[in-house]
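I opened this entry to keep track of what I looked up, one topic at a time.

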Amino acid sequence: MAVSTGMKFIKALLFIFNLIFFLVGMVLIIAGALVQTKLSSYFIFFGSQFNGAAIFLIVIGVIIFVVAFFGCLGAYTENHCMLMAFSVLLGIVFILEVAAAIAAFVFNRKLKDLVRQGMLDSIPMYDDDTEAQQVWNKTQTTLKCCGSSNYTDWQKSARYAATSSVPSSCCKDQTVPDCGTNLSGHPDTIYEHGCADTVIDWSIGNVGIIGGVAAGVAFIQIIGIVLACCLGFAIRKDYSPI
């Protein structure tokens, strides 16, 4: 006995839902990869906590991609067990995404202090760490800033404190010889404002996107769970044993 017309409609909706979910999974994987790539430029400022958020996006995207496949297959074959398994897996992913949205909100409140402290802690590393030098030089050149809060933060570096200097990447015109050396009073050859505020604004925006995407996808998944359960129960009720 075939499923009713109403259930056929639900089957079609579930199939379409899972096709969309395929795309959502791909988007999350790509978004996570892009955030991860962008974060690699500022890793020493954030540490592993922010790095984990990008990896989480990629993992959730892969899981959603796989779960959507089972959902499509279950809807196409009208397999009750597969649809129920799909609903359970979707529920687990839903819980993970709600947790991610909450974690992103909580993490956002700590982000300012985390970034400022991370930037300050990395300044002494500049003296003999090639990675720290590359990150700071790129950050200061790109954002047109100097230090964490301001240029005086470079006094935390033994290399620059001894000569009251800053890295040349702080200079407004890096082609000028010794533009960042022997600074005193009110220097006008370098960027005086710090990089922290700009980096924090960028970070908050990205954490907000991660939390918002997780919450949005989680809400959509509720529809998928309801559709899968309805179709699964209909199949179990309407199909007679062969």
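**Disulfides**

I searched the whole structure and found 2 disulfides. The model is a predicted one, and I kept that in mind for each entry below. For my own reference, a disulfide is a covalent bond between the sulfur atoms of two cysteines.

I looked up the link of Cys145 and Cys195, whose sulfur atoms are 1.9 Å apart. I read 100 degrees about the S-S bond, and the link of Cys145 and Cys195 is right-handed. Next I asked where the two cysteines of this link lie in the chain. Cys145 is in the loop between helix H5 (130–143) and helix H6 (158–161), while Cys195 is in the loop between H6 and helix H7 (196–238), so the link ties together parts that are 50 residues apart in sequence. I also checked the cover: Cys145 and Cys195 are both buried.

I then turned to Cys146 and Cys170, which are joined by a disulfide with an S to S distance of 2.1 Å. The angle about the S-S bond is 85 degrees here, and the link of Cys146 and Cys170 is right-handed. Cys146 sits in the loop between H5 and H6 and Cys170 in the loop between H6 and H7, so I noted a link of distant parts of the chain, 24 residues apart. Are these two cysteines buried or exposed? Cys146 has a relative accessible area of 0% and is buried. Cys170 has 0% relative accessibility and counts as buried, because the cut-off for that word is under 20%.

**Thr139**

I picked Thr139, a residue of helix H5. Thr139 has 1% relative accessibility and so counts as buried. Which residues does Thr139 touch, leaving out those up to four places away in sequence? I listed Tyr42, Phe45, Lys144, Cys145, Cys195 and Val199. Both cysteines of the Cys145 to Cys195 disulfide are among the contacts of Thr139.

**Aromatic pairs**

I counted 5 aromatic pairs in the structure. I took Tyr126 and Tyr160 to begin with: the ring centres are 5.8 Å apart and the planes stand at 55 degrees, so I entered the pair as tilted. Tyr126 belongs to the loop between helix H4 (80–122) and H5, and Tyr160 to helix H6, so the pair ties together parts 34 residues apart in sequence. Tyr126 and Tyr160 are both buried.

I went on to Trp136 and Trp154, with ring centres 5.2 Å apart and planes at 70 degrees, so this pair is edge-to-face. Trp136 is in helix H5 and Trp154 in the loop between H5 and H6, 18 residues apart, and the pair links distant parts of the chain. I found Trp136 buried at 0% relative accessibility, and Trp154 is buried with a relative accessible area of 0%.

I closed this topic with a cluster: ring pairs link Tyr126, Trp136, Trp154 and Tyr160.

**Nonpolar patch**

I looked at the surface last. Leu23, Met26, Val62, Phe65, Val66, Phe69, Phe70 and Leu73 make a nonpolar surface patch of about 680 Å². The elements that give two or more residues to this patch are helix H1 (5–39) and helix H3 (48–77). Which element gives the most? H3 does, with 6 residues.

I checked one member of the patch, Leu23, which is placed in helix H1. Leu23 has a relative accessible area of 53% and is exposed, because that word is used for values over 50%.

Notes. Residues are numbered from 1 along each chain as its sequence is written. This is a predicted model: local features need pLDDT of at least 70, side-chain atom pairs count only at pLDDT 80 or more; totals for chains, interfaces and linings use all residues. Side-chain values use heavy atoms; hydrogens and water are left out. Patches are made of residues with over 30% relative accessible area and no salt bridge: like charges are joined within 9 Å, nonpolar side chains (Val, Leu, Ile, Met, Phe, Trp, Tyr) within 5 Å. Accessible areas come from the Shrake-Rupley method with a 1.4 Å probe; for residues, only the protein chains shown count as cover. A salt bridge is a side-chain nitrogen of Lys or Arg within 4 Å of a carboxyl oxygen of Asp or Glu. Helices (H or I, at least four residues) and strands (E, at least two) are DSSP runs, numbered from the N terminus. Buried means under 20% relative accessible area, exposed over 50%, partly exposed in between (1.4 Å probe, protein chains only). A disulfide is a pair of cysteine sulfur atoms within 2.5 Å. Contact means heavy atoms within 4.5 Å. Rings of Phe, Tyr and Trp (its six-membered ring) pair if their centres lie within 6.5 Å; planes under 30 degrees apart count as stacked, over 60 as edge-to-face and the rest as tilted.
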